[in-house]
Amino acid sequence: MENERFARLGKSTMRHLAMEARETLQRLADFPDNPAAMSLFYQFFSALFTGNHSLPEAKPIIGVMCAQAPLELIHAAGATPLRLCSGAYAYEQAGAEFMPAKSCPLVKATVGMLHVNRALWGDALKSVVIPTTCDQKKKSVDFLTDMGFPVYALEMPPAKESDVARFYWQESVKQFALDLGGITGRKITRQSMRAGIGKVQQGSWLFRKLHELRRTDPPLLLGKDAMLVTNGWFLMEHDSWCAAVTQLIAELEQRRKNAMPAGKRLAPRLLLTGSPPVFPNLKVPLLVEQAGAVIVTDEVCSSSRLLYDAVSYDEGTLDEMVGAVADRSLKPCTCPCLTANRDRLRKIMELTEKFAVDGVVYHALAGCLPYEMEQRQVGKALSAAGIPMLYLETDYSPEDLGQLSTRIEAFIESIKARKRRK
Amino acid sequence: MNSLRRAVNKLNLSRFRFYFQMGAFLLLVYGGYLAINIGDQLPAFSCVFNEQRGGSCYLMGFQHQMALPWKQLFTGRGIGVAIGLLTFIGFFLLLNKAWCGFVCPLGTLQDWITMLRRKLRIRYSTYGEPLFRKLSVIKYVLLALLILIPMGMGNSVFGLPRLNEDFSVPFCMICPGRTVLPLFNGDFSQLAIDFSSRTKMILTALGMAVTGIFLAGSFVKKRFFCLFCPMSALHYLFAKAALLRLGKDGAKCTRCGNCYRACDVGLRSIADDVTSKNMVKDDCMMCLKCVEACPEEGCLKVSFLGLPVYESTEAGFFKRMGKRANGK
């Protein structure tokens, strides 16, 4: 009886997932002059979500549930990192069984995804790494363990400024490095660690180049595409992601020469901050850009926070490199789950200036309390700097599309009017 | 000009610094053979006890001058003292704390000991930041003593009897520069305890102990001795006016801590302070490893008289780190 219900749930979820993915991809492609190289990403996501949602070929796979988990270590242990954070409404509904109605859709969807796919992924997923960041991720440790997944709770401090917090996190990451060796059967060595850091650094270098191309006026790449590219980072195989992004960068460089920008010349330049938009939930970036604005930069953990910061080490001993990787994922972090998060305000202000931003879209997933709570202080800082902000509280369901698009259009019109007055 | 600047910013500065230090070491330790003397008021430990030196450390002359009776300071001899101090300041302002990071033979020696440890694949030890702040007081105490003890020799302070002549140049007696640098010219005579008087015995025994601590300490902790260096304390009094500067644009800083981790003397302000413009703090020796480790475009900047010399760039950072990922 229970099994039958589970099988039915699995089937209907996969059907809904495929529909949802197809629709988002349709909307992504439905812009004039998308870069040809973007089709590599459209195809990847289409293949992944419209068939069976299967795991990558390269084994062993270590799933991670947060940008805080240092990928360098996973690469160094000879495993493939896979991001588990899900943006699918279909999975969210499957996860609703485990979590309260008002909790975070992202965590709900991730739990739902693992629940639905546990038979399919069971053995291939060697570990599910959950950094103890926000409360909801902390709590999912228990649900997922009960489901039978090999969960690894990576202990993270609630603050980052003090020496105590830094050493706590470093110790926790060092222990993770040791344990990873046991999980994958390949011990992390000096050489493999250096190569692991090199891999992530390569990604970060490509991301920074892309970042720079979005800064031009008018920008060369739309935010909805940039989001998809960074979403691909955790899901695609490392080399194919790098190859695809290199191709995209080359094409955008060419477009720069031919003066072929992505947005209209006077399109409002917006910054997106807040909860992470993860495919297929690209609702907000899509609505914003369909309304004629361009998201030129972002401060979200599925994009710039994930790839921007780069590790450096001095002497290159294993101990030092692991510590350096730990620092990279804690010290520059601007996640609102940390107390004293002034760095987030500084980062947003720096980005608004550097990218000549006209306005900010603050995206909060309903139930993602840390982001909802920081809305006020971010809004205050921005209004002091004379930059308008639109606060959107939404979830994965398509129900509020109409209401959202009205608000977004009004916001963009008001920015356009401001720009004309100037 | 711009392409030159870009090329400079991509430099592996540590390698340049290694050769510069080597050159400075040769000049200051062996310069005497070529009759070179670049000055007697150098803001670096080019020890006077080393016969073949190419210039002299200011501290020895300074301690001698401090031993003058106060009355004489207001006569013609006072002009000599003032000129000495001004020459020292002049030298110092030119390079700022880079005297420590690029020139000082004792600093270079510590960096070589670090390299040896690195070759032996022994990891360095790290300490929490509060400890450093506590230790940084010691060098000011030493600076005060190296002024007050000679003064006590030349004058009767508060009616106390004058200190005896054996207290002459007290800091030199405990400085590892005196014992170690002459060794490079085959002079082992300083490596001994002087039993001619009780004062001398205590001072030279302390000197031997400090030498041992210097060698062992710098093997474990990068630039160990620099934390206690009274020359560094004297430097810092004038550092705000120096021509060579290390500045920071706080808005660009992500506080990732790369610079803090690279810092041999553990200055946390380099990573955490986003308001100060001047980053040369108390213990800083301007080795500029922080600039190399910074991935933010134009966040950390070295300038001379306001002209940019070297600054952190994205391209430079990724070039340097990319090479290391490939095992170079």
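**Exercise 1. Pairing in the sheet that holds β1 of chain A**

Task: In this predicted model, how many bridges join strand β1 (residues 61-64) of chain A and β2(A), and in which sense do the two strands pair? Place the pair in its sheet.

Solution.
- Step 1: β1(A) and β2(A) are linked by four bridges, and the sense of the pairing is parallel.
- Step 2: One residue pair fixes the register, since A:I61 has A:T80 in β2(A) as its bridge partner.
- Step 3: The sheet is open and has four strands of chain A in the order β2-β1-β3-β4, with parallel pairing.
- Step 4: β2 (80-83) and β4 (151-154) of chain A are at the edges with a single partner strand each, so one side of each has no neighbour in the sheet.
- Step 5: On average, neighbouring strands of this sheet are turned by 30° against each other, direction ignored.

**Exercise 2. The sheet that holds β7 of chain A**

Task: What is the strand order in the sheet of β6, β5, β7 and β8 of chain A, and which strands are at the edges? Add the helices that go with these strands.

Solution.
- Step 1: The order is β6-β5-β7-β8 (chain A), in an open sheet of four strands with parallel pairing.
- Step 2: β6 (294-299) and β8 (389-394) of chain A are the edge strands, each pairing on one side only.
- Step 3: The average turn between neighbouring strands of this sheet is 25°, direction ignored.
- Step 4: Strand β7 (residues 359-365) of chain A runs parallel to β8(A) and is joined to β8(A) by six bridges. Within this pair, A:M389 in β8(A) is opposite A:V360.
- Step 5: Together with helix α15 (residues 369-384) of chain A, β7(A) and β8(A) make a β-α-β unit that is right-handed.
- Step 6: A further helix, α11 (residues 283-290) of chain A, lies across β5 (269-274), β6, β7 and β8 of chain A. The angle between α11 and β6(A) is about 150°.

**Exercise 3. The side of chain A that touches chain B**

Task: How many residues does each chain bring to the contact, and which helix of chain A gives the most?

Solution.
- Step 1: Chain A brings 26 residues and chain B brings 25 residues.
- Step 2: On chain A, at least two residues each come from α8 (190-215), α13 (318-330) and α14 (342-354).
- Step 3: α8(A) gives the most, with seven residues.
- Step 4: Sorted by class, this side of chain A has 15 charged, six nonpolar and five polar residues.

**Exercise 4. The overall form of chain B**

Task: Why can chain B be called as compact as a globular protein of its length?

Solution.
- Step 1: The secondary structure of chain B consists of 16 helices and three strands.
- Step 2: For 328 residues the globule rule gives 20 Å, and the radius of gyration of chain B is 21 Å, close to that value; therefore the chain is as compact as a globular protein of that length.
- Step 3: Along the principal axes, the C-alpha atoms of chain B fill a box of roughly 65 × 45 × 45 Å.
- Step 4: Of the 328 residues, 44% are buried.
- Step 5: Taking contacts in chain B between residues at least 6 apart in sequence, 67% join residues at least 24 apart.

**Exercise 5. The setting of B:R117**

Task: Which class of exposure does B:R117 have, and which residues does B:R117 touch beyond four places in sequence?

Solution.
- Step 1: B:R117 is in helix α7 (residues 105-119) of chain B.
- Step 2: Because 17 other C-beta atoms lie within 10 Å, B:R117 is partly exposed; a buried residue would need 20 or more.
- Step 3: Leaving out residues up to four places away in sequence, B:R117 touches B:I122 and B:F219.
- Step 4: B:L145 is 28 residues from B:R117 along the chain, and their C-alpha atoms are separated by 33 Å.

Conventions
Residues are numbered from 1 along each chain as its sequence is written. Chains are lettered from A and ligands numbered from 1 in the order in which they are written. This is a predicted model: local features need pLDDT of at least 70, side-chain atom pairs count only at pLDDT 80 or more; totals for chains, interfaces and linings use all residues. Two strands pair if DSSP finds at least two bridges between them. Axes are lines fitted to C-alpha atoms, for helices over the stretch in contact, and angles run from 0 to 180 degrees between N-to-C directions. Two residues are in contact if their C-beta atoms, placed from the backbone, lie within 7 Å. The radius of gyration is taken over C-alpha atoms; the globule rule is 2.2 Å times the number of residues to the power 0.38. A residue is buried if 20 or more other C-beta atoms lie within 10 Å of its own, exposed if 12 or fewer, and partly exposed in between; C-beta atoms are placed from the backbone. Ala, Val, Leu, Ile, Met, Phe, Trp, Tyr, Cys and Pro count as nonpolar, Asp, Glu, Lys and Arg as charged, and the others, Gly among them, as polar. A crossover is right-handed if, with the strands pointing away from the viewer, the path from the first strand over the helix to the second runs clockwise.
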